[in-house]
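Visitor: I'm new to reading protein structures, and the labels puzzle me. Could you show me how each one is earned?

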Amino acid sequence: MKNYKHIFFDLDHTIWDFDKNAEETLHELYHIHQLHTIGLSSANVFIETYTRHNHQLWAQYHVGQITKDELREARFKKTFIELGLDPDVIPVDFEDAYVRLCPTKTNLFPHAHETLQYLQAKYTLHLISNGFKESQQLKIAGSNLAGYFQHIIVSEDAGVNKPDKAIFEYALNLAGATKEESVMIGDSLEADVYGALNFGMDAIYFNPFNAPQPPDVPVQITHLKELTLML
């Protein structure tokens with residue numbers, strides 16, 4: 001590996017375990033809102049359907065096809081409708097309740113703190129996230145992550161989302177870093193890996209579920225702790 005000085009991390013699905021935290025939240029909301037009484041007999045099917053829609057909508061949000069408000073309006077509506085519910089019976093505050101509760105969850109990927117402590121002693125660490133600013137602040141504070149990172153760059157502040165080259169330029173300027181001394185680590189091939197590589201910056205693909213590694217992705221890890229062996 002190169003002699004890096006700056007490491008830029010993604011947050012959701014890379015350090016903060018988005019799917020695990022969302023699953024916990026949705027199990028709680030399923031019972032709080034008694035969704036079984038309006039026709040949703042299985043919490044697991046509800047969560048699986050939501051997760052699929054949420055991932056699809058986030059992929060659209062990354063590339064600017066939909067807005068933040070459109071994402072939030074659509075993800076539960078699509079889920080409930082697919083599962084056969086009339087829109088009129090959908091709890092009106094369900095999205096708001098989810099947005100309040102989910103960011104307070106604190107599940108991280110294994111060895112996250114251990115790995116960040118190791119890297120912080122050797123490099124300057126930063127975050128670049130497409131997540132929504134208010135939610136990301138809650139996640140970072142609740143999970144005791146803020147102390148690791150010199151800069152936390154959220155796409156809403158930068159005015160563009162990953163994979164747009166402009167957000168990487170914005171982050172490097174803020175950090176006082178160059179492409180050559182920087183590397184991006186994230187789970188999204190489109191937003192994190194190809195976004196960085198197309199910008200001219202190295203990238204490490206975080207692939208915890210061991211999906212096939214594309215031939216044009218030079219470096220991948222399946223566990224965060226692997227970073228302590230290679231960096």
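Guide: Let's start with a rule: two strands count as paired if at least two bridges are found between them. Keep in mind that this is a predicted model. With that rule, you get an open sheet of 6 strands in the order β3-β2-β1-β4-β5-β6, with parallel pairing.

Visitor: How do you know that β5 and β6 pair?

Guide: Count the bridges. The rule asks for at least two, and 2 bridges join β5 to β6, so they count as paired, running parallel. In that pairing, F206 stands opposite I221 in β6.

Visitor: What makes β3 and β6 edge strands?

Guide: Each of them, β3 (149-154) and β6 (220-221), pairs on one side only.

Visitor: And what are the partners of β4?

Guide: On one side there's β1 (residues 6-9), which pairs with β4 in the parallel sense over 4 bridges; there, H6 stands opposite S182. Strand β5 (residues 202-206) is the other partner, also parallel and over 4 bridges, and V183 stands opposite D202 there. To get from β4 to β5, the chain crosses through helix α9 (residues 189-199), and this β-α-β crossover is right-handed.

Visitor: Why is β4 called largely enclosed?

Guide: To be buried, a residue needs under 20% relative accessible area. In β4 (residues 182-186), 5 of the 5 residues are buried, so the strand is largely enclosed by the rest of the structure. Look at the directions, too: S182, M184 and G186 point one way, V183 and I185 point the other way, and all are buried.

Visitor: Why is H111 called partly exposed, then?

Guide: Partly exposed covers what falls between the buried limit of 20% and the exposed limit of 50%. H111 has 38% relative accessibility, so partly exposed is the label. You'll find H111 in the loop between α4 and α5 (112-120).

Visitor: What makes the backbone of H111 unusual?

Guide: Most residues other than glycine have a negative phi. H111 isn't a glycine, but its phi is positive, about 65°. H13, in the loop between β1 and α1, isn't a glycine either and has a positive phi of about 70°.

Visitor: What joins K162 and P163?

Guide: A cis peptide bond, with omega about 15°. Most peptide bonds are trans. P163 sits in the loop between α7 (155-158) and α8 (165-175).

Visitor: How many aromatic pairs are there?

Guide: A search of the whole structure finds 16. Take Y30 and F46 as one of these pairs: the ring centres are 6.5 Å apart, and the planes meet at 40°.

Visitor: Why is the pair of Y30 and F46 called tilted?

Guide: Planes under 30 degrees apart would be stacked and over 60 would be edge-to-face, with the rest called tilted. At 40°, Y30 and F46 fit neither of the first two labels, so the pair is tilted. The pair links distant parts of the chain, with Y30 in helix α1 (residues 18-32) and F46 in helix α2 (residues 43-62), 16 residues apart. Both residues are buried. Ring pairs also link Y30 and F46 with Y50, F76, F80, F94 and Y98 into a cluster.

Visitor: How do you know that K139 lies over the face of W16?

Guide: The charged atom has to be within 6 Å of the ring centre, and within 35 degrees of the ring normal. K139 is at 4.3 Å from the ring centre of W16 and lies over its face. K179 lies over the face of F199, at 4.3 Å from the ring centre.

Visitor: What makes a space a cavity, and how many are there?

Guide: In a cavity, a 1.4 Å probe fits but cannot get out, whereas a pocket is open. There is 1 cavity of 30 Å³ or more. The largest cavity holds about 120 Å³ of space, and among its 14 lining residues, F18, R75, Y98, S135 and K139 lie nearest its centre.

Visitor: And what lines the largest pocket?

Guide: That one has about 570 Å³ of space and a lining of 29 residues, with D12, H13, H62, D187 and S188 nearest its centre. The largest share of that lining, 5 residues, comes from α2.

How values were computed:
Residues numbered from 1 in each chain as written. Predicted model: local features only at pLDDT ≥ 70, side-chain atom pairs only at ≥ 80, totals over all residues. Heavy atoms only, no water. Buried < 20%, exposed > 50% of the residue type's maximum accessible area, 1.4 Å probe, protein only. Right-handed = clockwise from strand over helix to strand, strands pointing away. Phe/Tyr/Trp six-rings, centres within 6.5 Å; stacked < 30°, edge-to-face > 60°. 1 Å grid on protein atoms, 1.4 Å probe; cavity = no way out; pocket = protein on both sides within 12 Å on 5 of 7 lines; lining within 4 Å. Points joined across faces, edges and corners; volume = space filled by probe spheres on them.
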